[in-house]
Amino acid sequence: MKRQKSLPYCEANKKTTSVDDPSTVLAVLADEHAREILSATGCHPQSAEELEATCDLSSSSIYRKVDCLVELGLLEEQFQPSTEGRHRREYQSNVDSLELTYTSADQFTLEITWRDRDTY
């Protein structure tokens, strides 16, 4: 069972999105731990507990960074049902690649290529 959040930069059925003002995305990605979370969730979904161990961060730090990445649409939050009644949250990267381009005087464009959602 997946819970879909709004993806501000990810348009439905569009593989690539250009972001004219990439400052918000770049500010989040300037954090090495945010990049590490995206990398760690690129191959398979991971829970917050798994990310804590992988990134060597506290639970509160993981959730702050995950919330930012989910809000931007770079990370997808999924709920995995459990027979014990407790659903497990897992996170999966939505990003295949990011490309920052200098277009003119003080102008940058960020192009995000999204992962095919049918592959995970």
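Author: Contact means heavy atoms within 4.5 Å. The model is predicted, so local features need pLDDT of at least 70 and side-chain atom pairs count only at pLDDT 80 or more, while totals for chains, interfaces and linings use all residues. Residues are numbered from 1 along each chain as its sequence is written, and side-chain values use heavy atoms, with hydrogens and water left out.

Reader: Thanks! Which residues does Ile62 touch, leaving aside neighbours within four places in sequence?

Author: Happy to help. Ile62 is one of the residues with the most contacts inside the largest nonpolar core (buried Ala, Val, Leu, Ile, Met, Phe, Trp, Tyr and Cys joined through side-chain atoms within 4.5 Å). Beyond those neighbours, Ile62 is in contact with Ile37, Ala48, Leu51, Glu52, Cys55 and Leu57.

Reader: Which element gives the most residues to the largest nonpolar core?

Author: This core has 24 residues, and Ile37, Val66, Leu69, Leu74 and Leu75 are among those with the most contacts inside it. Two or more residues come from each of H1, helix H2 (32-40), helix H3 (48-55), helix H4 (59-72) and strand S5 (107-114); helices (H or I, at least four residues) and strands (E, at least two) are DSSP runs, numbered from the N terminus. With 5 residues, the top contributor is H4.

Reader: Is Leu26 buried, partly exposed or exposed?

Author: Leu26 sits in helix H1, which covers residues 23-29. Buried means under 20% relative accessible area and exposed over 50%, with partly exposed in between (1.4 Å probe, protein chains only). Because its relative accessibility is 33%, Leu26 is partly exposed.

Reader: What is the phi of Asp56?

Author: Asp56 lies in the loop between H3 and H4, and Asp56 counts as exposed because its relative accessibility is 69%. Most residues other than glycine have a negative phi. Asp56, though not a glycine, has a positive phi, near 55°.

Reader: How far is Thr113 from Ser18, C-alpha to C-alpha?

Author: Thr113 belongs to strand S5 and is buried, because its relative accessibility is 13%. Leaving aside neighbours within four places in sequence, Thr113 is in contact with Lys15, Thr16, Asn94, Val95, Asp96 and Ser97. Ser18 is 95 residues away in sequence, and in space the C-alpha to C-alpha separation of the pair is 8.8 Å.

Reader: One more, please: is Ser93 buried or exposed?

Author: Gladly. Ser93 is in strand S3, residues 88-93. Since its relative accessible area is 2%, Ser93 is buried.
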